[in-house]
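Work through the exercises below with the sequence and the model open. Try each task before reading its solution.

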Amino acid sequence: AIEPAWRRNNLHNSERYWKQFIFEVAGKQISIQQGRVDYEDVASLGLTVWDASLVLSKYLESFGASFWRDKRVVTLGSGTGLDGLAVAAMGAKDVIITDLYVDLLSENVSLNAIANTRAVKLDWTSSDDVQRLLSLSQEGVDVVLIADCVYYSELVDPLMTTLIRTLETKPKSSFAVVAMEAHNAPVFDEFLEKAKHLLNIEEIPYHTHHHTYRCKDIHVYRMKLR
């Protein structure tokens, strides 16, 4: 099958890193500085824009600006911050964009100068970090966003715990939107099996994804507490 023109998976690393990436969401332009890094550095995984974040950001457009206006949003494992910046650009009330590495996140928050948006360091394995996130979210989190951040088996449980604790800030109404491509199929399956055991999951039908930014390899799920 021919890859859609927007797909980035086959880009040379010289395109994936260092360069700024420009993306339009709901008529607003978002600028993403990508990592200035050695391509072989494992930490560089989060320092480039991955396709699932494009699919997620464009799918979230369909919610409409009126939906986002009063929403408090947390992103987990946000990498360059595109998903959080997208909903911030659409008018979300408060957006906390998190990752283990926050230098690039902070740079992209500053670059786009969108109000009510913060970059916060979050190590899912650190109870102190998770507690700090929850203390910043005292009014509750309405929506949690996750895009392509499940690569390693040892991080599945900490991610799931962090996701559940964040959803528990508004247990009746909060939900997560998760976009994933199976870069590591066994870990992808492990994450989904754990999620199905702990949460109510609905896969978003492919035909409702954005008409351009969609791909059969990238799945979008809505997850809620049971």
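## Exercise 1: Ser174 and its surroundings

Task: which residues does Ser174 touch, leaving aside residues up to four places away in sequence?

Solution. Ser174 touches Val141, Asp142, Leu167 and Lys224, not counting residues up to four places away in sequence. Touching is contact, meaning heavy atoms within 4.5 Å. This is a predicted model, where local features need pLDDT of at least 70, side-chain atom pairs count only at pLDDT 80 or more, and totals for chains, interfaces and linings use all residues. Residues are numbered from 1 along each chain as its sequence is written, and side-chain values use heavy atoms, with hydrogens and water left out.

Next, place the residue. Ser174 sits in the loop between α7 (156–167) and β7. Helices (H or I, at least four residues) and strands (E, at least two) are DSSP runs, numbered from the N terminus.

Then check burial. Ser174 counts as buried because its relative accessibility is 1%. Buried means under 20% relative accessible area, exposed over 50%, and partly exposed in between (1.4 Å probe, protein chains only).

Last, look for a polar partner. The Ser174 side chain reaches the backbone oxygen of Lys170 at 2.9 Å. A polar contact is a pair of N or O atoms within 3.5 Å; within protein, one must be able to donate a hydrogen and the other to accept it, and residues adjacent in sequence count only if both atoms are side-chain atoms.

## Exercise 2: Two loop residues

Task: find the polar contacts of Gln34, then state whether Thr208 is buried, partly exposed or exposed.

Solution. Start with Gln34, in the loop between β2 and α2 (51–61). Gln34 is buried, since its relative accessibility is 1%. Its side chain makes a polar contact with the side chain of Arg8 (2.7 Å). The Gln34 side chain also reaches the backbone nitrogen of Val49 at 3.1 Å. Residues touched by Gln34 include Tyr17, Trp18, Phe21 and Leu104.

Now turn to Thr208, in the loop between β8 and β9. Thr208 is partly exposed, with a relative accessible area of 36%. A polar atom of the Thr208 side chain lies 2.7 Å from the backbone oxygen of Pro205. The C-alpha atoms of Thr208 and Glu190 are separated by 26 Å, at 18 residues apart along the chain.

## Exercise 3: The sheet and a hairpin

Task: what is the strand order of the open sheet of 7 strands, and which strands stand at its edges?

Solution. The order is β5-β4-β3-β6-β7-β9-β8, with mixed pairing. Two strands pair if DSSP finds at least two bridges between them. β5 and β8 (199–203) stand at the edges; each has a single partner strand, so one side of each lacks a neighbour in the sheet. The twist averages 20 degrees from one strand to the next.

Take one pair from the sheet. β7 (residues 175–181) and β9 (residues 218–225) are antiparallel over 6 bridges. In this pair, Val178 stands opposite Tyr221.

Then inspect β1 and β2. They run antiparallel, joined by 6 bridges. The two form a hairpin with 2 residues between them, and Ala26 in the turn has a positive phi of about 50 degrees. Glu24 stands opposite Gln29 in β2. In β1 (residues 20–25), Phe21, Phe23 and Val25 point to one face and are buried. Gln20, Ile22 and Glu24 point to the other and are not buried. In a regular strand the side chains alternate between the two faces of the sheet.

## Exercise 4: Two helix faces

Task: which residues of α5 and of α6 are buried?

Solution. In α5 (residues 103–112), Leu104, Leu105, Asn108, Val109 and Asn112 are buried. They cover an arc of only 140 degrees around the axis, which puts them on the same side of α5. The arc is that of the directions from the helix axis to the C-beta atoms. The face turned away from the buried side carries exposed Asp103 and Ser110. Cover for the buried residues of α5 includes β2 (28–33), α4 (82–89), β4 (94–99) and β5 (117–121).

Repeat for α6 (residues 127–136). Its buried residues are Asp129, Val130, Leu133 and Leu134. They fall within an arc of 135 degrees seen down the axis, so they line one face of α6. On the other side, Ser127 and Asp128 are exposed. The buried residues of α6 pack against β3 (72–76), β4, β5 and α7.

Technical notes. Axes are lines fitted to C-alpha atoms, for helices over the stretch in contact, and angles run from 0 to 180 degrees between N-to-C directions.
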